[in-house]
There are 2 protein chains.
Amino acid sequence: MRVSVICTGTELLKGTTVNTNLAVIGDALSCIGIVLSAAFNCGDDLEALKKALVTAAADSDIIITSGGLGPTKDDLTKTAICEVLGLKMHRDQSISANLAAYWQGKGRSSGLDEQLLQADVPENSEALNNIVGTAPGLWVSGRLDDRDIIVAALPGPPAELIPMLNNQVVPKIRALCSADTFTRSFMVAGAAELLVQQEIEPVVASEPLETAYCASVEGVRVFISGSDKKLVDEKYTTAKKLFGNKVLIDDLLSLPQDISRLLRQRGMTFGTAESCTGGMIGAALTDLPGSSDIFMGGIISYANEIKHHLLGVSQEILDSKGAVSRECAEAMVRGATRVLGTDTAVAVTGIAGPGGGTDLKPVGLVFIATKVNDQVLVTENHFKGDRAAVRKRTCAAALLQLRELLLEK
Amino acid sequence: MRVSVICTGTELLKGTTVNTNLAVIGDALSCIGIVLSAAFNCGDDLEALKKALVTAAADSDIIITSGGLGPTKDDLTKTAICEVLGLKMHRDQSISANLAAYWQGKGRSSGLDEQLLQADVPENSEALNNIVGTAPGLWVSGRLDDRDIIVAALPGPPAELIPMLNNQVVPKIRALCSADTFTRSFMVAGAAELLVQQEIEPVVASEPLETAYCASVEGVRVFISGSDKKLVDEKYTTAKKLFGNKVLIDDLLSLPQDISRLLRQRGMTFGTAESCTGGMIGAALTDLPGSSDIFMGGIISYANEIKHHLLGVSQEILDSKGAVSRECAEAMVRGATRVLGTDTAVAVTGIAGPGGGTDLKPVGLVFIATKVNDQVLVTENHFKGDRAAVRKRTCAAALLQLRELLLEK
């Protein structure tokens with residue numbers, strides 16, 4: 001079963017809105033063993049939308065669209081579907097009655113005519129119930145170039161799209177297809193893409209399996225796919241074992257989620273002392289709901305005075321070794337657990353650039369200290385890239401280093 | 001100039017990764033007055049990638065690709081470009097030498113052959129310097145169906161793509177556009193899109209000018225474009241004056257940059273006390289190079305113990321009013337300037353959700369306190385949206401509130 005996606009909306013092309021719908025749809029289909037064939041973004045433009053439908057239809061059995069179902073003049077998805085599939089539009093009396101009741105229930109007298117445009121549906125279509133907004137989704141059956149094609153048209157707002165996708169569209173697609181491809185994935189923390197590939201390829205070689213690798217500052221995500229579920233499971237298990245502790249506990253978790261779980265398992269609390277990252281590590285941890293049981297807080301010690309007064313880094317270290325030094329990082333992490341009253345902490349101090357570098361202490365030099373109970377580990381790191389990259393890599397490396405220490409406990 | 005985008009990577013279709021690159025590219029081009037014609041996502045599959053290139057080329061002068069430039073076998077972008085445009089691949093000796101030096105500098109002996117695949121480039125191409133990773137980008141000139149076409153191939157990791165896009169690709173595209181359209185833009189902080197539009201439209205009405213509005217949590221960015229540079233400049237100046245102090249000082253600056261400049265002008269220092277944002281405000285300020293002259297640091301007071309012990313919020317306030325209260329926010333901001341020794345500070349405490357809300361204190365309730373010298377302002381805010389949205393709106397609102405106080409000084 002080949003499925004592709006068309007996301008409409010000029011705001012996606014202007015960069016005003018990040019397209020999260022595509023990831024939501026891709027993820028939901030992955031869970032039933034389907035990898036999207038392709039995805040298209042087009043503006044609120046009838047010709048562009050028709051062209052995307054024709055292009056997508058050439059390689060798909062099902063096309064899922066998001067957006068363009070509302071009542072305003074830039075909502076063109078239904079018109080495009082009708083024109084491409086040669087279907088007529090008609091007003092659905094049941095949807096129309098619901099919309100009128102809703103609109104009048106809001107005490108509004110004008111604007112109903114435009115609202116009722118949402119009750120116009122292509123022939124051969126089934127309405128999908130919208131539990132959040134007013135625009136129903138549509139499941140349209142048609143033919144193009146002598147092939148059957150289904151278009152599942154969903155509203156653009158994620159709050160409306162997600163329940164409609166999960167509760168109505170995914171079950172319909174699942175019923176249509178025998179799940180003929182299975183995928184499993186896992187994350188190897190702090191590893192290089194090429195080295196991970198070199199380890200894994202011998203394991204899957206000569207088997208009818210596909211592998212893919214996705215690298216980030218946190219590590220490498222590995223995908224193993226095939227039509228034989230038992231074989232996929234078996235090789236996934238073998239491949240995962242190659243990397244021991246480096247594999248994150250749960251296949252779908254991120255590094256901060258993994259750290260949170262390791263801390264929770266050990267009943268430990270966590271705090272931060274951040275210089276060059278200025279709060280990014282704290283922000284990453286508190287991005288997760290319910291983090292208050294393990295994350296107590298942190299000191300953003302950007303100025304040396306804060307390192308000295310709040311974290312207790314001695315003036316002697318600051319004067320003789322400097323703020324970007326192994327000694328300062330260690331004093332910072334010791335200060336953090338003491339001041340914040342936590343079992344564990346990370347401290348980072350470095351030169352994110354573009355200014356502030358010297359021959360001895362170049363841009364990208366970052367000292368990372370981690371402490372778990374009485375054990376302290378300090379590393380000297382040299383990160384490449386611009387300011388944003390150095391800071392992002394520092395966050396990932398600090399959490400990876402904490403993870404190593406936690407796993408020893 | 002018609003520009004389209006192809007983002008490669010099976011992880012984008014599987015939903016493992018949200019495609020933020022498209023928004024970054026769309027936004028960067030919007031700033032030079034170009035709205036993307038279309039965008040495609042395809043997996044790490046040679047045929048799919050070639051088809052996307054052919055489809056995109058039919059309606060584009062320039063195609064920007066992201067991803068598929070690395071050294072592993074699923075990195076196929078260069079091969080696809082060569083096959084579609086009929087170009088030969090050759091090994092670039094200078095890139096090759098750099099890669100070998102880098103690889104050997106890492107003390108690695110094996111795997112160099114595969115690394116050197118990154119030095120293979122299509123003929124008629126210019127390498128784009130990668131300041132973060134090892135894979136260079138490419139600016140490839142070719143012809144397809146008797147038309148000139150340029151493919152700008154960028155690496156997939158955002159940390160590598162963003163500097164290459166902004167520093168190399170956007171200036172090249174800008175130089176290619178005959179400058180027949182002039183655009184000026186400015187940012188109105190903390191304003192609603194519709195109200196800004198209602199003020200500006202009368203000013204530009206009846207003139208041959210185009211306007212666009214781009215809303216974000218920080219405010220509304222206004223674009224005025226036209227072919228008559230003098231007229232664009234004149235109406236830009238008039239329109240800007242309508243909003244007085246609400247216009248950020250410099251047209252291209254972000255809100256944190258504007259705050260930094262206002263602080264610097266006044267010779268004031270700044271610190272933070274963050275609860276529900278967990279370090280995001282500090283991270284936003286320190287994202288800017290050279291922020292150490294105005295930003296001293298902050299206390300991430302996620303746990304009540306930290307609010308009490310480090311910021312001096314009294315136990316009585318915490319017990320009787322709770323951590324999410326006007327009184328706690330005020331005590332936090334007073335604690336922040338005292339403990340951090342700064343002239344100004346912001347403090348935020350609220351319920352980001354999804355859990356932790358009650359009838360009296362629902363999810364989205366955030367108290368923001370700002371202090372400039374002796375003046376303190378505390379506001380009660382109700383932000384809509386999920387956890388990420390509430391946190392993002394809180395950061396923006398805190399900086400906007402500090403800005404208001406700073407402008408009075």
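**Entry 1: strand E13 at the chain boundary**

I began with A:Ser301, whose bridge partner in E13(B) is B:Gly297. The bridge belongs to the pairing of strand E13 (residues 295-301) of chain A with strand E13 (residues 295-301) of chain B, which is antiparallel and runs over five bridges; strands are taken to pair if DSSP finds at least two bridges between them. Helices (H or I, at least four residues) and strands (E, at least two) are DSSP runs, numbered from the N terminus.

I note here that this is a predicted model, in which local features need pLDDT of at least 70 and side-chain atom pairs count only at pLDDT 80 or more, while totals for chains, interfaces and linings use all residues. Residues are numbered from 1 along each chain as its sequence is written, and chains are lettered from A and ligands numbered from 1 in the order in which they are written.

Within chain A, I found strand E12 (residues 270-274) joined to E13(A) by five bridges, with the two strands running parallel, and A:Gly271 standing opposite A:Gly297 in E13(A). I then asked why E13(A) counts as largely enclosed by the rest of the structure. The reason is that seven of its seven residues are buried, a residue being buried if 20 or more other C-beta atoms lie within 10 Å of its own, exposed if 12 or fewer, and partly exposed in between, with C-beta atoms placed from the backbone.

**Entry 2: contact between the chains**

I looked up the residues in contact, meaning that their C-beta atoms, placed from the backbone, lie within 7 Å, and found 72 residues of chain B meeting 73 residues of chain A. Helix H2 (residues 20-30) of chain B gives the most to the side of chain B that touches chain A, with eight residues. That side divides into 37 nonpolar, 27 polar and eight charged residues, where Ala, Val, Leu, Ile, Met, Phe, Trp, Tyr, Cys and Pro count as nonpolar, Asp, Glu, Lys and Arg as charged, and the others, Gly among them, as polar.

**Entry 3: the sheet of 12 strands**

I traced an open sheet of 12 strands with mixed pairing, in the order E6(A)-E7(A)-E8(A)-E3(A)-E1(A)-E2(A)-E2(B)-E1(B)-E3(B)-E8(B)-E7(B)-E6(B). Its edge strands are E6 (125-128) of chain A and E6 (125-128) of chain B, each of which pairs on one side only, and the twist averages 20° from one strand to the next; axes are lines fitted to C-alpha atoms, for helices over the stretch in contact, and angles run from 0 to 180 degrees between N-to-C directions.

In chain A, seven bridges join E7 (residues 137-144) to E8 (residues 147-154) in the antiparallel sense, and A:Arg143 has A:Asp148 as its bridge partner in E8(A). Helix H7 (residues 158-176) of chain B packs on the sheet, touching E1, E3, E6, E7 and E8 of chain B, and its direction makes about 160° with that of E8(B). Helix H3 (residues 46-58) of chain A lies across strands of both chains, including E2 (38-42) of chain B, and runs at about 175° to E2(A).

**Entry 4: two helices of chain B**

I found that H10 (residues 255-266) and H15 (residues 387-407) of chain B pack at an angle of about 30°, with their axes 10 Å apart. H10(B) and H15(B) are therefore roughly parallel to each other, since angles under 35 degrees count as roughly parallel, over 145 as roughly antiparallel, 65 to 115 as roughly perpendicular and the rest as oblique. Among the residues that meet are B:Leu262 and B:Leu263 in H10(B) and B:Leu399 and B:Leu402 in H15(B). By class, this contact has nine nonpolar, no polar and three charged residues.

**Entry 5: loops and backbone of chain A**

I next checked the hairpin of E15 (residues 365-372) and E16 (residues 375-382) of chain A, which pair in the antiparallel sense over eight bridges; the bridge partner of A:Phe367 in E16(A) is A:Glu380. Two residues lie between these strands, and A:Asn373 takes a positive phi near 50° there. With 12 C-beta neighbours inside 10 Å, A:Asn373 counts as exposed.

A:Asn124, too, has a positive phi, of about 60°, although it is not a glycine, and I placed it in the loop between E5 (120-122) and E6 of chain A. A:Asn124 is partly exposed, with 15 other C-beta atoms within 10 Å.

A cis peptide bond joins A:Gly353 and A:Pro354, with omega about 0°, and A:Pro354 sits in the loop between E14 (344-350) and E15 of chain A. In chain B, I found the bond from B:Gly353 to B:Pro354 to be cis, with omega near 0°.

Terms used. Contact = placed C-beta atoms within 7 Å.
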